[in-house]
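Hello,

Here is the model I promised to send over, with my notes below it. Please have it open while you read.

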Amino acid sequence: MNCKLCLKESELRNSHIIPNAFIRRIKQNGLATHVSSDLDEPVRESIESFHEKMFCGDCEQFLSREYESYAIRFLKGQEKGVKFIRYKDKVRASGANLRKIYLFVLSVFWRSALSSQSIFSHKVFFPEYLMDEFRYCILNGKANHNSPYVLKISRLVCNHDFGDITGEELVKDLVMLPFHRISDEEASFHWVALGFIFSFSVSGSKLKPIGSSVLRSHGSKVSAHFVELRDVREIMEVLDTIHQR
Ligand SMILES: [Zn+2]
């Protein structure tokens, strides 16, 4: 089998489509079993299906070392040298390696689209030329500054309690499987991770991504504007489902 990242013939590992640290939280909060979107029936699949043979050992290690470990520390506010300042309508990070975060987020969308499992591949899909470009960017650690697509980052906020848990606590740990919004053959893709929402859309699309802050692929400063949790329909649907169980 050939590795989907370096394309070399190799024995493939059981790769996580979404990094394990995130999956653990999805399993904990029960969001794994129920992700819905406007077009599909709610998808119920076993939590065993979050990995599949995709990458060789070297590429697995590369993804984890180069992107995942940094992104997780950044999202948790634990990366040394990154400062978060909270304003009335946004949180601003400085001292961050945006290239790593950008490519990490791209890799999550790319892996989801690569997956043979419908729980991912029915949610995230790209034309082949973009899949090739993403693979090249991720493998070489280089983002395409002239890309026809845009990634956005938003910070989820919630001022209401959910049962015993405060909105703030809920939001901080919230991780979901990627989902999409579709209209007139356009799609935007979204991923909720540790209180942030990442949105992918093609620039010029009529479909507005969630949030207004652009995640650039270079530099060290980024603002994530606040998005109220209750304004994101897909999250509310999942929370309602869990609540009803
Ligand atoms: Zn490889």
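**What I found**

Setting aside its neighbours within four places in sequence, Leu 106 is in contact with Phe 134, Cys 137 and Ile 138; two residues are in contact if their C-beta atoms, placed from the backbone, lie within 7 Å. Before going further, please note that this is a predicted model, in which local features need pLDDT of at least 70 and side-chain atom pairs count only at pLDDT 80 or more, while totals for chains, interfaces and linings use all residues. Residues are numbered from 1 along each chain as its sequence is written.

Leu 106 also appears in the largest nonpolar core, which has 67 residues; Val 105, Leu 106 and Phe 109 are those with the most contacts inside it. Such a core is a set of buried Ala, Val, Leu, Ile, Met, Phe, Trp, Tyr and Cys residues joined through C-beta atoms within 7 Å. Helix 3 gives the largest share of this core, 11 residues. "Buried" here stands for 20 or more other C-beta atoms within 10 Å of a residue's own, "exposed" for 12 or fewer, and "partly exposed" for anything in between, with C-beta atoms placed from the backbone. By that count, 40% of the 245 residues of the protein chain are buried.

**The sheet**

The protein chain has 7 helices and 9 strands. These are DSSP runs numbered from the N terminus: helices are H or I with at least four residues, and strands are E with at least two. How are the strands of the open sheet ordered? There are 7 of them, in the order 3-4-9-5-8-7-6, with mixed pairing; two strands pair if DSSP finds at least two bridges between them. Strand 3 and strand 6 (179-183) are the edge strands, each pairing on one side only. From one strand to the next, the twist averages 30°. Helix 3 packs on the sheet and touches strand 5, strand 7, strand 8 and strand 9, its direction making about 115° with that of strand 7. For these angles, axes are lines fitted to C-alpha atoms, for helices over the stretch in contact, and the values run from 0 to 180 degrees between N-to-C directions.

At one edge, strand 3 (residues 83-86) pairs with strand 4 in the antiparallel sense over 4 bridges, and a hairpin joins strand 3 to strand 4 through 3 residues. Lys 83 is found opposite Ser 94 in strand 4. Strand 4 also pairs with strand 9 (residues 222-228), again antiparallel over 4 bridges, and here Arg 92 stands opposite Ser 223. The side chains of strand 4 (residues 90-94) alternate: Val 91 and Ala 93 point to one face and are buried, whereas Lys 90, Arg 92 and Ser 94 point to the other and are not.

Further along, strand 5 and strand 8 run antiparallel and are joined by 7 bridges. Tyr 149 has Val 202 in strand 8 as its bridge partner.

Is Arg 155 buried or exposed? This residue of strand 5 (residues 149-157) counts as buried because it has 22 C-beta neighbours inside 10 Å. Apart from neighbours within four places in sequence, its contacts include Lys 90, Val 91, Gly 195 and Phe 226. Arg 155 and Asp 89 are 66 residues apart in sequence, and their C-alpha atoms are 9.6 Å apart in space.

**Helix 2**

Helix 2 (residues 57-75) has 19 residues and spans 25 Å from its first C-alpha to its last, close to the 27 Å expected; the expected span is 1.5 Å times one less than the number of residues. Helix 2 bends by about 40° at Ser 64, the bend being the angle between axes fitted to the seven residues ending there and the seven starting there. Its buried residues include Cys 59, Leu 63, Tyr 67 and Glu 68, and among the elements covering the buried residues are helix 3 (98-114), strand 7 (186-193) and strand 8 (196-202). Gly 77, with a positive phi near 75°, follows helix 2.

**Two leucines to look at**

Leu 7, in the segment before strand 1 (14-16), has a positive phi of about 70° although it is not a glycine. Leu 7 counts as exposed because it has 12 C-beta neighbours inside 10 Å. Leu 194, in the loop between strand 7 and strand 8, also has a positive phi, near 50°. With 19 C-beta neighbours inside 10 Å, Leu 194 counts as partly exposed.

Best wishes
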